[in-house]
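This report examines selected side-chain and backbone features of one protein structure. The sequence and the coordinates follow.

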Amino acid sequence: MTTSLQGLKVLDFSTLLPGPFATLYLADLGAEVIHIESPTRPDLIRLFPPYANGQATAHSYLNRNKQSIALDLKDPHNIELIKQKIVDYDIVVEQFRPGVMQRLGLDYATLAALNPRLIYCSITGYGQTGSYKDKAGHDINYLALSGIAGHSGRQAGGPPALGIQVADVAGGSLHAVIGILAAVVEREQSGLGQYIDISMTDCVTTLNNMAAAAILAGKTKQFPEQSHLNGGSFYDYYQTQDGRYLSIGSLEPQFMSGLAQILDLPLLREKGASFDLADQQAVKQAIQDKIKSRTFAEWNLIFADQDVCVEPVLTLDEALDSTLSQQRQWKVEVPLDQDSQQTETQLACPIKFSRSKTKYLYVGQRLGTGNW
């Protein structure tokens with residue numbers, strides 16, 4: 001068995017989360033990734049607590065399978081070294097603000113002249129063009145500008161503070177991987193690489209999909225708690241007697257009917273499919289009153305064998321120790337280094353192939369310990 005991306009070589013100049021998570025996927029799937037870092041200004045993810053085995057846990061995860069090379073990019077000798085080696089590489093990933101790589105002499109035009117097959121991906125908050133291109137930003141800003149925050153959450157409470165970085169990861173990391181692998185496939189036909197401009201705001205905006213389609217084609221404005229999927233219907237979270245929550249997604253008729261029977265709620269069967277907000281509010285209140293009558297554990301027993309799209313809201317530690325986690329192998333033991341018998345528990349790569357394997361060589365390494 002071989003890895004699916006075996007043979008691809010990647011130079012990764014990115015830091016923090018979006019670029020490193022993209023190249024983590026490439027590395028897990030078999031690409032050889034060289035992570036270039038400054039010897040004087042290390043990636044801040046190395047300093048982000050908590051720590052395990054002498055390193056930041058986020059660094060150990062995001063940079064597993066990658067070799068760490070310390071290079072001062074302000075040193076002309078190091079720029080020349082990269083130019084000499086670029087002919088051996090397939091992909092460059094960088095996450096600086098627009099213009100930085102050009103000032104360093106490592107922009108796409110310069111490197112593609114040395115290696116026409118090079119695929120070069122830049123990940124930024126707002127892209128390489130437009131009036132926002134030089135602005136600083138974070139995940140929360142991209143979600144705000146994309147419209148996602150504006151039609152999420154509660155009307156009374158405002159946008160939700162999410163527990164993950166949706167724009168960074170779903171917008172930046174995963175779209176970068178899609179673009180890179182699409183360019184690899186295209187290169188098989190053309191023999192040429194190309195430049196990929198990934199804006200985290202552009203990409204996360206497309207995750208609005210159905211809501212944006214309703215606005216653009218249906219001329220229907222979107223607001224929090226107004227649609228069936230953002231709190232405007234009984235598709236929602238409900239608090240139990242002991243302060244925990246259940247998720248209820250029983251929208252289809254067969255699930256709705258089953259839930260109505262379990263909860264003994266004729267109102268749900270009668271008005272659950274209504275598009276009238278007043279009807280939905282009445283249904284939601286009736287469901288909440290029922291769910292509040294029992295504890296989290298009691299409801300889990302009741303719904304455990306019921307096929308009605310009702311599941312408990314788990315804490316992350318509960319999720320990672322769940323039966324589903326064990327059955328689907330969400331966790332993996334990764335060696336601390338290539339020769340170590342000691343391991344660290346990490347999230348596994350979730351992509352499962354019938355033939356190709358995933359590699360777990362070692363956790364993220366100490367600065368400058370790689371070979372190049």
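A disulfide is taken here as a pair of cysteine sulfur atoms within 2.5 Å. The structure is a predicted model, and by this rule it holds zero disulfides. For Cys121, the closest cysteine sulfur belongs to Cys203 and lies 9.0 Å away, which is too far for a bond. Cys121 is buried, with a relative accessible area of 0%, whereas Cys309 is partly exposed, at 33%.

**Aromatic pairs**

A pair of aromatic rings is described by the distance of the centres and the angle of the planes. With the centres required to lie within 6.5 Å, the count comes to eight aromatic pairs. One of them joins Tyr89 and Trp372: the ring centres are 6.4 Å apart and the planes stand at 65 degrees, so the pair is edge-to-face. Tyr89 lies in the loop between helix H3 (76–85) and strand E6 (91–94), and Trp372 in the segment after strand E13 (343–347); the pair therefore ties together parts that are 283 residues apart in sequence. Tyr89 counts as buried, at 5% relative accessibility, while Trp372 counts as partly exposed, at 27%.

Another edge-to-face pair is formed by Tyr126 and Tyr132, with 5.2 Å from centre to centre and 65 degrees between the planes. Tyr126 is buried, with a relative accessible area of 11%; Tyr132 counts as partly exposed, at 35%. In addition, ring pairs link Tyr108, Tyr120 and Tyr195 into a cluster.

**Charges over rings**

Both rings of the pair Tyr89 and Trp372 also have a lysine over the face, as the table shows.

| Lysine | Ring | Distance from the ring centre |
|---|---|---|
| Lys9 | Tyr89 | 4.8 Å |
| Lys85 | Trp372 | 5.1 Å |

**Strand E10 and its partners**

Which strands pair with E10, and in what sense? Strand E9 (residues 236–239) is paired with E10 in the antiparallel sense over four bridges, and in this pairing Tyr237 stands opposite Ser247 of E10. The two strands E9 and E10 form a hairpin with five residues between them, and in the turn Gly243 has a positive phi of about 85 degrees. Strand E11 (residues 310–312) also runs antiparallel to E10 and is joined to E10 by three bridges. There, Leu246 stands opposite Pro312 in E11.

The side chains of E10 (residues 245–248) alternate along the strand. Leu246 and Ile248 point to one face and are buried, while Tyr245 and Ser247 point to the other face and are not buried. Leu246, the residue opposite Pro312, thus belongs to the buried face, and Ser247, the residue opposite Tyr237, belongs to the other.

**Helix H6**

Which residues of helix H6 (residues 139–146) are buried? They are Asp139, Tyr142, Leu143 and Ser146. Seen down the axis of H6, these buried residues fall within an arc of 100 degrees, so they line one face of the helix. The buried residues of H6 pack against two elements, helix H7 (166–190) and helix H8 (200–205). Just after H6, Gly147 takes a positive phi of about 90 degrees.

Methods
Residues numbered from 1 in each chain as written. Predicted model: local features only at pLDDT ≥ 70, side-chain atom pairs only at ≥ 80, totals over all residues. Heavy atoms only, no water. Phe/Tyr/Trp six-rings, centres within 6.5 Å; stacked < 30°, edge-to-face > 60°. Buried < 20%, exposed > 50% of the residue type's maximum accessible area, 1.4 Å probe, protein only. Lys NZ or Arg CZ within 6 Å of the ring centre and 35° of its normal. Pairing = 2+ DSSP bridges. Arc of directions from axis to C-beta. Contact = heavy atoms within 4.5 Å.
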